Amino acid sequence: MYQQQESRKINFAEQKSPPMMTYMLICLTMVIYCMGAASRSDSWFAQNAFQAQKVFESAKTMNWSEICTMVSYSNFMTMNLWTLIGAMYFLWVFGTSVESRLGANRFIFVLVSGLTIPWVVLAFDAMMNNPWHFVPFESPDKPFLFYFGPNLLIFTMMGAYAVLTPPKKVDLSGGAPKPKGEIFKKKKQTPVQERFGLNPWVFVSAFCVLSAGEHTAMLALYKTFDCLTLFSALAATGLGYAIANALLQSAVEGFKDGPLKMEALKRYHELVDLDVSQEDAIKGTARAMGLPKEQVRDWVTKNKGRLRIS
């Protein structure tokens, strides 16, 4: 008989498979950088980068292939070796963390959204221009600037990272009373990695500072190039946050029946990860916890497609 004595802290179980999609993004960024370096000319960036004015002209003539080419190149172009290193590092920091928790199928949705929607926002932001004149370091020539870099994609990943990586304290105990004889509240022991490891918000802050510096440097040194706008960066972060938060709420909703269900699903997934068939994993979980097999199967069926919680 399981009894929950205190509120559980929500943690997301990491997938056993390596984050291959993140590694592919890093490799693609390196390939596009080599293409730009081989051209040895700023005209290559101007020809392939995202320009709001050019996008709207292409949309009027329904030249969708040109728009797709601009967006595809712009998502992975980097100006020099230093921006390449920064992009690769934060793709790895945020990408591996989010992909390992979401799994490949859900991570694809984050990628597709991050590779497209922020650029649509940027196009409208650049063409409207006027509402953002009060923002420091925003160029008045935004419709004609050439935008490129994986910053908007990384901001989308960062938004999801802000939800999935920092621990979410959710009470799944249902208000269970303290055990008899316990008068004083027990002091929780903080794990060593939480006491001495880097806080996840350090990476978030570091990337925001890096992006602001890159944005300022490109406008100051190159005049015609930029990596993002304030509104598009905020939109990308909000997009990633909204997707991950929706998945989080769906996962928490699945555990309203209490901690017994959480423990059963955890044991089931552990068995499946050991290459045990689904039916045998259900039987093994039911036998180990003294539960009806039909109950475990019902929990597993209703939880399919949701995030795994440890």
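Is Cys 27 buried, partly exposed or exposed? I looked this up first and found that Cys 27 is partly exposed, with a relative accessible area of 45%. I noted that the model is a predicted one.

**Entry: cysteines**

I then turned to Cys 34, which is also partly exposed, at a relative accessible area of 48%. Both values fall in between the cut-offs, because buried means under 20% and exposed means over 50%. I searched the whole structure for disulfides and the result was zero. I reminded myself that a disulfide is a covalent bond between the sulfur atoms of two cysteines.

**Entry: the protein overall**

I looked up the secondary structure and wrote down 13 helices and four strands. The protein has 310 residues, and 45% of them count as buried. Its accessible surface is about 16900 Å². Carbon and sulfur atoms account for 62% of that surface. I also checked contacts between residues at least 6 apart in sequence, and 81% of these join residues at least 24 apart.

**Entry: helix 1**

Which residues does Thr 29 touch, leaving out those up to four places away in sequence? I found Phe 76, Thr 78, Leu 84 and Leu 91. Thr 29 lies in helix 1, which covers residues 20-39. Thr 29 has a relative accessible area of 0%, so I entered it as buried.

Leu 25 lies in helix 1 too. I entered Leu 25 as buried because its relative accessible area is 8%, and the cut-off for buried is under 20%. Again leaving out residues up to four places away in sequence, Leu 25 touches Phe 76, Leu 91, Leu 111, Leu 153 and Met 157. Phe 76 and Leu 91 are thus on my list for Leu 25 and on my list for Thr 29. I also looked up Leu 25 with Trp 92: they are 67 residues apart in sequence, and their C-alpha atoms are 9.0 Å apart in space.

**Entry: helices 11 and 13**

At what angle do the axes of helix 11 and helix 13 cross? I read roughly 80°, with the axes coming within 10 Å. Helix 11 is therefore roughly perpendicular to helix 13, as angles from 65 to 115 degrees count that way. Helix 11 spans residues 259-273 and helix 13 spans residues 293-303.

I listed the residues that meet. From helix 11 they are Leu 260, Lys 261, Ala 264, Leu 265, Tyr 268 and His 269. From helix 13 they are Trp 299, Val 300 and Asn 303. By class, I entered six nonpolar, two polar and one charged residues for this contact.

Notes: Residues numbered from 1 in each chain as written. Predicted model: local features only at pLDDT ≥ 70, side-chain atom pairs only at ≥ 80, totals over all residues. Heavy atoms only, no water. Disulfide = S-S within 2.5 Å. Buried < 20%, exposed > 50% of the residue type's maximum accessible area, 1.4 Å probe, protein only. Axes fitted to C-alpha atoms, helices over the stretch in contact; angles between N-to-C directions. Helix = DSSP H or I, 4+ residues; strand = E, 2+ residues; numbered from the N terminus. Parallel < 35°, antiparallel > 145°, perpendicular 65-115°, else oblique. Contact = heavy atoms within 4.5 Å. Nonpolar A, V, L, I, M, F, W, Y, C, P; charged D, E, K, R; others polar. Areas by Shrake-Rupley, 256 points an atom, 1.4 Å probe, with all protein chains shown as cover.
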